[in-house]
Amino acid sequence: MIFPAPKRFITGFSVKSVDIGAIIPRCPTRIGERLSNDNILYRHQQGLNAQAYRIRYTNQRICVYFADDHGLLYAHNALNQLMDVNATLKNDFVIEDWPDFENRTILLDISRDRVPTLDSLKRLIDYWVQLKFNQLQLYTEHTFAYRNHETVWHNYSPMTAEDIQLIDAYCQEKGIELIPNQACFGHMEKWLNHEEYHYLAEQTTGFHDQRGDYRQGAFGLNPVSDRTTQFIDGLLTELLPNFSSKTLNINFDETMDLGVGASKSACEIFGKGKVFLEYLNTILALAEQKGMKCQIFSDMLFRFPNLISELHKDLTLLNWGYEADHPFDAEHRQLADFGLPFHVAVSTDCFASVAGRWSAATTHMRRAANSAKRYHAQGYMVTEWGDMGHGQQFSMPIPAYAFGAAMAWGEAQQTDNDVSAAVSWFFPDASEAEKHALIAIQNIYQTTGITVPNCAFFGPFLFDQASRRHIKRAEGLDNHNLADAYRELEELKSQLLPYASSPLADDLLWTIDALTLACHIAQGYAEEGHREVEHFSEERKATLIRALDPLIKQYEVLWTLHYREGGKQQSSQRLAYLHDLLQRLPQKAKEMEVS
């Protein structure tokens, strides 16, 4: 009846019952507000865990005991859920609840390439509040409208200062802390590939990443330049006053081209770890001057483990892992041994996958929660990334938000993977067929028998034909189960067609068509013995183009329902690139390879 499930729900033994909705109206959903009603009694109670509440029925009244404003908000949330299902409880029922993790965060990628409209973002915030998240970050590389940097953001419909102030105020009303987020080291290519920002780059000619794959162009900032420090200082000076939070995520993840160019000499003399640490301390000092405490992702620190003991003790580490077999225990043990505050960061696993990976998501989310509790993490973060153009539709991460919330609030109480009740909050008019399909479609990747690193193959086969980094690592093409996948997709499609006018069904039908097309590309790789769609047979290419044309058009239509115009062209261009490859004549394709 209550999601996430409470720590204790004693249904009682009395022969008398109480209908919650018959004695009180719906409770407020803003933090700090209370019902003015004689049938409910509020008591602030010391000794409860932070954000905890207790609800019972005594002397003909609902009694709500709460530790703080968040505890009161979550008590109201529970009462509203009981009223939603017309719950009748025994008179001596008791509900007691508190979170496993004090900090429960959503991180939403707004830099690659989807920037949500304010209405869509508010709708998501309302959902996240119901799920008991209490922090939100909007992952930002270039999508804040910095006054002197329009070159970088003018085609992306960025968040403005006014937008952030509005969102911050809305979050405060709902009991959510909006934490500023700005990439300050790696993942800055959207800035650095503009000529006027080349002076800030570690390098601009390309580099080999941690897997040995070549990546064109700039990627990370030059950490040994005073001009980089001045640049970041300018960004933070403009960004931070729009937030009420005193926490800042400066990211610092995946600094893949460190030591390749401008910092090469320093890295050879002092070591990459020391260069990383010196630059980190420089940015931390800037943030401290502005009254901020910082977070960074911890992945690079495991490459330089000798640095962990030298980190600033006020720095919070965000330890991310998105795979079912991620070594959470080993990493958390190392962080705990040094006494550093850390949060675990998990993923909806929708990134670069088009439809998500439900099994991988639920498995690693549960393992992460157990490990993070074991090693006393202070928080649990659910990320929704947008790698490869953010090809997943708006609806795809909704179930994973709910499951992640259950793991962050109380993993032991969520004994299964059923999040249908929470999905119904977000899609109250959705049919059972739609809600079933929303989960089922996110397990199709397992049926196919084809794997790629860190995502489902649907994403790179459709949205990353330019680099083909994942495509060349695809496994299982020689013994695939695509026939089974086709059958499952066709069955889901037939179940959804009666609901084709609904927003959820539209997202799902597009996704089914996209996955089917990706499966046909995989079949082409297997049958033609190579992984270059431009060299497929003319008949196969014509068939794929006929499927791709309406897919691109509908992709752009669906985009405008929830996202700003900016970024749409950049994302859909990835599908257009695939289209261009399929239209090339064999000789023209060969000439372009040579050139």
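Two strands count as paired here if DSSP finds at least two bridges between them. Keep that in mind as we walk through this predicted model.

**Stop 1: the five-stranded sheet**

Start by selecting residues 61-66, which form strand 5, together with strand 3. These two strands run parallel and are joined by 5 bridges. For a specific pair to label, pick isoleucine 40, whose bridge partner in strand 5 is isoleucine 62.

Now widen the selection to the whole sheet. Its 5 strands follow the order 1-7-4-5-3, the sheet is open, and the pairing is mixed. At the edges you will find strand 1 (8-10) and strand 3 (40-44), each of which pairs on one side only. Going from one strand to the next, the twist averages 10°.

Next, add residues 69-84, which are helix 2. Helix 2 lies across strand 1, strand 3, strand 4 (53-58), strand 5 and strand 7 (94-97). If you draw direction vectors, helix 2 runs at about 50° to strand 4.

**Stop 2: the annotated domain**

Select residues 101-419 next. The UniProt record, an unreviewed entry, lists this span as "domain: Glycoside hydrolase family 20 catalytic". Within the span, 37% is helix and 14% is strand. Put a distance label on the C-alpha atoms at its two ends, and they should read 20 Å apart.

**Stop 3: the eight-stranded sheet**

Here is another open sheet to colour: 8 strands in the order 10-9-8-17-16-15-14-13, with parallel pairing. Its edge strands are strand 10 (177-179) and strand 13 (247-251), and each of them pairs on one side only. The twist from one strand to the next averages 25°.

Zoom in on strand 15 (residues 316-320) and strand 16 (residues 342-347), which run parallel and are linked by 4 bridges. Which residue of strand 16 is the bridge partner of leucine 317? Label phenylalanine 342 and you have found the partner.

Then bring in helix 13, residues 398-410, which packs on the sheet. Helix 13 touches strand 8 (103-109) and strand 17 (379-384), and its direction makes about 170° with that of strand 17.

**Stop 4: helix 3 against helix 13**

Keep helix 13 in view and add helix 3, residues 118-130. The axes of this pair are 10 Å apart, and the packing angle is about 30°. Angles under 35 degrees count as roughly parallel, so helix 3 and helix 13 are roughly parallel to each other. The crossing of helix 3 and helix 13 is right-handed.

Show side chains for the contact: Leu124, Tyr127 and Trp128 come from helix 3, while Ile398, Tyr401 and Ala402 come from helix 13. By class, this contact has 6 nonpolar residues, with no polar and no charged ones.

**Stop 5: helix 10 against helix 11**

For the last stop, select residues 328-337 (helix 10) and residues 358-374 (helix 11). Their axes come within 9 Å and cross at roughly 25°. That angle makes helix 10 roughly parallel to helix 11. Helix 10 and helix 11 cross in a right-handed sense.

On the helix 10 side, display Phe328, Asp329 and His332. On the helix 11 side, display His364, Arg367, Ala368, Ser371, Ala372 and Arg374. How many nonpolar, polar and charged residues does the contact of helix 10 with helix 11 have? Colouring by class gives 3 nonpolar, 3 polar and 3 charged.

How values were computed
Residues numbered from 1 in each chain as written. Predicted model: local features only at pLDDT ≥ 70, side-chain atom pairs only at ≥ 80, totals over all residues. Heavy atoms only, no water. Axes fitted to C-alpha atoms, helices over the stretch in contact; angles between N-to-C directions. Parallel < 35°, antiparallel > 145°, perpendicular 65-115°, else oblique. Left-handed = near helix turned anticlockwise from the far one by under 90°. Contact = heavy atoms within 4.5 Å. Nonpolar A, V, L, I, M, F, W, Y, C, P; charged D, E, K, R; others polar. UniProt positions renumbered as here; feature names shortened; annotations may be inferred.
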